[in-house]
Amino acid sequence: MSLICRDLRVEYEVRGKTVTALDGISFHLEAGEFISLIGPSGCGKTTMLRTIAGFLKPSRGSIEFTPNGGSGGGGRLIVYQEDSLFPWMTVLDNAAFGLEMKGVPRGARRQAAAEMLERHGLQGREDCYPYQLSAGMKQRVAVIRAFLSDPALLLMDEPFGSLDSPTRFALQEDLLDLWGRSLKPVVFVTHDVDEAIYLSDRVLVLSEGPGRVVDEAAVTLPREGRRDSILSEEFLRLKSRIMRVLAREGPHSKQKENHAA
Ligand code: ADP
Ligand code: MG
């Protein structure tokens, strides 16, 4: 798998007016890589994921996506902040949905889904419907379903954004466990700096909209024991670097420039 975005511009038409959501975006993603996009609200993060997924067409620039690998038909799959699950399906059927789409026989897909649910502490919940689960459990099932679907590329749009921090930490562990076993390439959108550093190989910082990539920080902390490194010098150095860029490029940066001028 490889993904190369070159000089992308993405625009929306709103009542005859053109709104530029992203402009001059360039980055690449290699097989097995986990990258995060972080940036102020409205800077175009969701637009970026929808463009990579092929739902939106850039008005300038190009996206080169070479699937290679993943048995999910070379697809790109988005996990949303909430409500990714089908409300009329049980937890087990939701988790197995991607396998069903691939034509895996009922017995085999139910077994694979049940094993995965058990690994992630959801045993006994297989026959529940999504409305019977906590928000954290729902997102856990959505993440499990995404990995079981085995797409070529996984796109995650603030999947833990509405969870309390203990639940968020637990979900981050689930995600890293699933990612470590599959090395599925992931583009993860978050507005949480710690989360971006903790999960990623690289963090791309976007400016206020129309979003541009204003910084790209490689996370060189070892994967093993990364949770223990959040107070390390390297973690704090990265965090302060990203926070400084966000403060400079974040909301109202243009007014700040005007004041400075
Ligand atoms: P983020 O996910 O970073 O908060 P979005 O990608 O949702 O940002 O939005 C980027 C910009 O594009 C915003 O100015 C938003 O108002 C605009 N936008 C998003 N979706 C649409 C749409 N469907 N039609 C028109 N404008 C949109
Ligand atoms: Mg968004």
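Q: Buried means under 20% relative accessible area, exposed means over 50%, and partly exposed is what falls in between. This is a predicted model. Why is Glu 173 called partly exposed?
A: The relative accessible area of Glu 173 is 35%. That value falls between the 20% and 50% limits, so Glu 173 counts as partly exposed.

Q: What makes Glu 173 and Arg 227 a salt bridge?
A: Their closest N and O atoms are 2.8 Å apart. The cut-off is 4 Å, so the pair qualifies. The pair links distant parts of the chain: Glu 173 sits in helix α6, Arg 227 in the loop between β9 (213–218) and α8 (233–249), and 54 residues separate them.

Q: Why is Arg 227 classed as it is, by relative accessible area?
A: Arg 227 has 26%. That is over the 20% limit for buried and short of the 50% limit for exposed, so the class is partly exposed.

Q: How do you know that Lys 184 and Asp 150 form a salt bridge?
A: Their side chains meet at 2.6 Å, N to O. This pair too links distant parts of the chain, 34 residues apart: Lys 184 is in the loop between α6 and β7 (186–190), Asp 150 in the loop between α5 (135–149) and β6 (153–157). The 4 Å limit is met, so the contact counts as a salt bridge.

Q: Buried or exposed: what is Lys 184, and why?
A: Lys 184 is buried, because its relative accessibility is 7% and the limit is 20%.

Q: Why is Asp 150 not called buried?
A: Asp 150 has 21% relative accessibility. Buried needs a value under 20%, so Asp 150 is partly exposed.

Q: What makes Glu 249 and Arg 212 a salt bridge?
A: The two side chains meet at 3.5 Å, N to O. Glu 249 lies in helix α8 and Arg 212 in the loop between β8 (202–206) and β9, so the pair ties together parts that are 37 residues apart in sequence. With a cut-off of 4 Å, the pair therefore counts.

Q: How do you know which classes Glu 249 and Arg 212 belong to?
A: Glu 249 has 15% relative accessibility, under 20%, so it is buried. Arg 212 has 40%, between the two limits, so it is partly exposed.

Q: How many salt bridges does the structure hold, and which residues are linked in a network?
A: The structure holds 19 salt bridges. Glu 33, Arg 202 and Glu 216 are linked in a network.

Q: Why can such side chains pair at all?
A: Side chains of opposite charge can pair when their charged atoms come close.

Q: Why is Ser 200 called buried?
A: Its relative accessible area is 0%, under the 20% limit, so Ser 200 is buried. Ser 200 lies in the loop between α7 (193–199) and β8.

Q: What makes the pairing of Ser 200 with Ser 36 a polar contact?
A: The side chains of Ser 200 and Ser 36 are 2.6 Å apart at this contact. The limit for the N or O pair is 3.5 Å, so the distance fits.

Q: Why is Pro 159 called buried?
A: Pro 159 has 0% relative accessibility, so it falls under the 20% limit. Pro 159 is found in the loop between β6 and α6. Its contacts beyond four places in sequence include Val 79, Tyr 80 and Phe 188.

Q: How do you know that Leu 176 is buried?
A: Leu 176 is at 17%, and buried means under 20%, so the label holds. Leu 176 belongs to helix α6 (residues 165–182). Leaving aside neighbours within four places in sequence, Leu 176 touches Tyr 198, Leu 199 and Arg 223.

Q: What makes Tyr 12 a polar partner of ligand 1?
A: A polar side-chain atom of Tyr 12 lies 3.4 Å from a nitrogen atom of ligand 1. That is within 3.5 Å, so it counts as a polar contact.

Q: Which distances support polar contacts of ligand 1 with Gly 42 and Thr 46?
A: An oxygen atom of ligand 1 is 2.7 Å from a polar backbone atom of Gly 42. For a side-chain N or O atom of Thr 46, the distance to a ligand oxygen is 2.9 Å. Taken alone, ligand 1 exposes 570 Å², and the protein buries 60% of that.

Q: Which element gives the most to the shell around ligand 1?
A: α1 does, with three residues. The shell divides into five nonpolar residues, five polar and one charged.

How values were computed
Residues numbered from 1 in each chain as written. Chains lettered and ligands numbered in written order. Predicted model: local features only at pLDDT ≥ 70, side-chain atom pairs only at ≥ 80, totals over all residues. Heavy atoms only, no water. Polar contact = N/O pair within 3.5 Å; in protein donor to acceptor, adjacent residues only side chain to side chain. Areas by Shrake-Rupley, 256 points an atom, 1.4 Å probe, with all protein chains shown as cover. Helix = DSSP H or I, 4+ residues; strand = E, 2+ residues; numbered from the N terminus. Nonpolar A, V, L, I, M, F, W, Y, C, P; charged D, E, K, R; others polar. Buried < 20%, exposed > 50% of the residue type's maximum accessible area, 1.4 Å probe, protein only. Contact = heavy atoms within 4.5 Å.
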